[in-house]
Amino acid sequence: MRPIKVLVTEDSIVFRELLVQNLSRDPAIQVVAVAKDPFEARDAILQYHPDVMTLDVELPRMSGIEFLRKLIPQYPLPVVVISALSDKVFDALNAGAVDFVAKPSISSRKQLEDFIRNELLVKIKIASTVKISNIKKTVALQQQQQQLTHEKGSSLILAIGASTGGTEAIFAVAKELGTDIPGVVVVQHMPPGFTQMYAKRLDDQCRIHVKEARTGDKVMPGHMLIAPGGDMHMHLVKVNGVYQVEIKAGPKVNGHCPSVDVLFESVAKVAKNHAVGVILTGMGGDGAKGLLSMRKAGARTVGQDESTCVVYGMPKVAYDLGAVEYQEKLDDVPKRIYSLLNKM
């Protein structure tokens, strides 16, 4: 199997050289070219036809985001963004980047090597498996204006899990949810710090209220709680008859913390048949077993279909396990959610 051809686009000479040196140590990776700005990157893409490009957001002559907006419609290419802690990363994902990693400090060589080995290399390898046709497939969601046929109160729960490609997929679902929707709990694999910005971004653009979850937050209708990135899992609990979330430290599950499986298992235990579970695009199998537990407990379940997934991993594993009751295109997921809730 031939190595993955990688183009590194980074304006810092020191960081660029460190990236090339460390990436090249992996026999599965071949750094075919480097570029210090989007114009050099464009020429390198045409000459070397890389499988994946790493891209800094802040670049001279043209920002990485503007470059993506010009590049992806004409030359769909899996791009992994390397970004400092900034909400600009979500503009990059919206413009067609597959995934992102948080830019580390280069003052510590060990920290950099850990970043390359444990984060960037993994993201590059995942990006290389992405279907080109799904990198920037604009989902023209119709404003379906779904609504519940009768008040559900706080007795129901909507649980959503996603990974690679999930930031845009979750937004596509969230913007179709009205304030009548039961409380929503979400795990999206994301580095610490970014989940708070992501929640704020959704809160500004959706009808429902969205926030990064904290222990003790009540799961209320018209509200979405997103598990904080880092080293803690989010659990659904019930205190005095009221759904709440508990954020607590724990080991990685399926290589992730927070883990979709941990959330879904808690929903299966606490909410049983008063829940709807949704698994969206993502690499690996996190959430599949938890979704199966939800279905066995009487919950209704939905999985995103292959044709609209950036990576058809998590939904496929869940489907193969028998955890997915309905498999839907992304733009049909909100409609299915409302349909199931109206039958509960």
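The following questions and answers walk through the sheet and helices of this predicted model.

Student: In what order do the five strands of the open sheet lie?

Tutor: The sheet is open and its pairing is parallel, with a twist that averages 25 degrees from one strand to the next. Strand S2 (29-35) and strand S5 (99-102) each pair on one side only, which makes them the edge strands. Reading across the five strands, the order is S2-S1-S3-S4-S5.

Student: Which residue of S2 is the bridge partner of Val-8?

Tutor: Strand S1 (residues 4-9) pairs with S2 in the parallel sense, over six bridges. Within S2, the bridge partner of Val-8 is Val-34.

Student: At about what angle does helix H3 run to S3?

Tutor: Helix H2 (residues 38-48) lies across S1, S2 and strand S3 (52-56), and runs at about 140 degrees to S2. Helix H3 (residues 64-74) also packs on the sheet, where it touches S3 and strand S4 (79-83). The direction of H3 makes, with that of S3, an angle of about 150 degrees.

Student: What is the class make-up of the contact of H1 with H5?

Tutor: The axes of helix H1 (residues 13-23) and helix H5 (residues 109-127) come within 10 Å and cross at roughly 65 degrees, and the crossing is right-handed. The residues in contact include Phe-15, Leu-18 and Gln-21 of H1, together with Arg-109, Glu-113 and Phe-115 of H5. Sorted by class, this contact of H1 with H5 has ten nonpolar, two polar and two charged residues.

Definitions and conventions: Residues are numbered from 1 along each chain as its sequence is written. This is a predicted model: local features need pLDDT of at least 70, side-chain atom pairs count only at pLDDT 80 or more; totals for chains, interfaces and linings use all residues. Side-chain values use heavy atoms; hydrogens and water are left out. Axes are lines fitted to C-alpha atoms, for helices over the stretch in contact, and angles run from 0 to 180 degrees between N-to-C directions. Helices (H or I, at least four residues) and strands (E, at least two) are DSSP runs, numbered from the N terminus. A crossing is left-handed if the near helix is turned anticlockwise from the far one by less than a right angle, and right-handed if clockwise. Contact means heavy atoms within 4.5 Å. Ala, Val, Leu, Ile, Met, Phe, Trp, Tyr, Cys and Pro count as nonpolar, Asp, Glu, Lys and Arg as charged, and the others, Gly among them, as polar. Two strands pair if DSSP finds at least two bridges between them.
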